[in-house]
Amino acid sequence: MAGTETRHKPLGLLAELTHRCPLGCPYCSNPLALEPRDGELDAATWARVFKEAAALGVLHVHLSGGEPGARRDLVDIAANAREAGLYTNLITSGVGITTRTMRDLWEAGLDHVQVSIQDADAVSADRIAGYRGAFQRKHALAAEAVRLGLPLTINLVVHRANIEHISDMVDLALKLKATRIEIAHVQYYGWALKNRSALMPTAEQVSRAVADVEELRSKHHGRIVIDAVVPDYHARFPKPCVGGWGRRSLNVTPSGRVLPCHAAESIPELEFWNVRDHSLADIWASSPAFNAFRGTDFLPAPCATCERREIDFGGCRCQAFLLTGDARATDPVCHLSPHHGRVAELAAVQEDMAYAYRRM
Ligand code: SF4
Ligand code: FES
């Protein structure tokens, strides 16, 4: 199984440069056990990782976190990624990067910037982020990126508190001169799982939001690209998570552990290799974690005989584990899963409780 699947080459590398972040978003995809600063890879090791990634076929790197701006050597790291020949994208909260650093990043060859926004108005946005003043700082950074001529994408994570403001947030993205907006409903791993009932939108909110997005797409056609994903818990079929396990992408944590997806550490049976001990090519081809769920041979019924199994790979392994206790199971989001009723039950639970903010 692994032998045939290793013919696939990874295209993207998510480089989690640090788990430090000034914001406290309750839907953060980082693990609950955040990695400390003293374990972070240094810039020279990242430079080697980028070269190895390019040699492996990776085309683009996403400099992410936490907040990548928490790294004092961010500009050097970005320069090294460009030197390795990778299309370099910065994913930032917009807080922790000054306009001066933005200019230095641009001079270092940065190709693209993604800034997250939490809501269309400052009070709500800052409440969701758990950081007063974040909204204004995001504006300033986005404006600087556009002034420098960098393509800007706005990331919008949707949940119960902001799902009715999608139209206002698209207007905001247009005002910021973004060329693209990515609307992603919360995915319930890590901190988001902890906050699930506080974040979960109602079924009515979700269906209105899906209709709103369609309308906004035609209204703003040619002005901004609107990418949107149907929320997992309200879908009939699961997403082909990360384009298939160990098939298209790699995720390197701040301390150098290489994961097939950002939430893979939630599956306790997996053994991850570290870039400090192995080359990226070795990890891609031979590490136990990458070979655990490659291909579709491991999938049980109903996936085993389903014609969609090469399309969605049975859905998300992390979600299958988190909802059924078995990482090989059909993702319960699929309406054919014997556990699908559990997803419907969870989607109906909305609680007005305080967020557990993501903190170190
Ligand atoms: Fe996908 Fe499995 Fe559902 Fe078929 S049964 S649609 S392969 S998750
Ligand atoms: Fe891990 Fe989907 S998040 S496979």
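This dialogue walks through a predicted model, from its sheet to its helices, its unusual backbone angles and its ligand.

Visitor: Where should I begin with the sheet, and in what order do its strands stand?

Guide: Begin with the neighbours of each strand: the nine strands form an open sheet in the order β7-β6-β5-β4-β3-β2-β1-β8-β9, and the pairing is mixed. The edges are held by β7 (225–229) and β9 (258–259), each of which has a single partner strand, so one side of each is left without a neighbour in the sheet.

Visitor: Which strands could I use to see the pairing residue by residue, and how many bridges join β4 to β5?

Guide: β4 and β5 run parallel and are joined by five bridges, with V113 standing opposite L152 in β5. β1 and β2 also pair in the parallel sense, over five bridges, and there A15 has L63 in β2 as its bridge partner. As for burial, β1 (residues 12–16) is mostly covered, since four of its five residues are buried.

Visitor: Which helix has its end C-alpha atoms 20 Å apart, and how is that distance to be read?

Guide: The distance can be compared with the span expected from the number of residues: helix α6 (residues 134–147) has 14 residues, which at 1.5 Å a residue should span 20 Å, and its end C-alpha atoms are 20 Å apart, which agrees. After α6 comes G149, whose phi is positive, near 90°.

Visitor: Which residues of α6 are buried, and how should I read their spacing?

Guide: An α-helix has 3.6 residues a turn, so residues three or four places apart point the same way. In α6 the buried residues are A134, F135, K138, L141, A142, E144 and A145. They pack against α4 (99–107), β4 (112–117), α5 (122–129) and β5 (152–158).

Visitor: How does α6 lie on the strands, and at what angle to β4 does it run?

Guide: The angle is taken between N-to-C directions, and for α6, which lies across β4 and β5, it is about 160° to β4.

Visitor: Which peptide bonds are cis, and where do they fall?

Guide: The sign to look for is omega: the bond from G65 to G66 is cis, with omega near 10°, and another cis bond joins A301 and P302, where omega is about 5°. G66 is placed in the loop between β2 and α3, whereas P302 is found in the loop between α12 (288–292) and α13 (309–312).

Visitor: Which residues have a positive phi although they are not glycines, and are they buried or exposed?

Guide: Take the phi value together with the surroundings of each residue. K177, which is not a glycine, has a positive phi of about 65° and is placed in the loop between α7 (166–175) and β6 (180–185); with 14 other C-beta atoms within 10 Å, K177 is partly exposed. V242, likewise not a glycine, has a positive phi of about 45° and is found in the loop between β7 and β8 (249–252). V242 is buried, with 24 other C-beta atoms within 10 Å.

Visitor: How many residues surround ligand 1, and of which classes are they?

Guide: A shell can be read first by its members and then by their classes. Ligand 1 is surrounded by 14 residues, of which the closest are C303, C306, R308, R309 and C334. Sorted by class, the shell around ligand 1 holds seven nonpolar, three polar and four charged residues.

Key:
Residues numbered from 1 in each chain as written. Chains lettered and ligands numbered in written order. Predicted model: local features only at pLDDT ≥ 70, side-chain atom pairs only at ≥ 80, totals over all residues. Near = placed C-beta within 6 Å. Nonpolar A, V, L, I, M, F, W, Y, C, P; charged D, E, K, R; others polar. Helix = DSSP H or I, 4+ residues; strand = E, 2+ residues; numbered from the N terminus. Expected span 1.5 Å × (residues − 1). Buried ≥ 20, exposed ≤ 12 C-beta atoms within 10 Å, placed from the backbone. Contact = placed C-beta atoms within 7 Å. Pairing = 2+ DSSP bridges. Axes fitted to C-alpha atoms, helices over the stretch in contact; angles between N-to-C directions.
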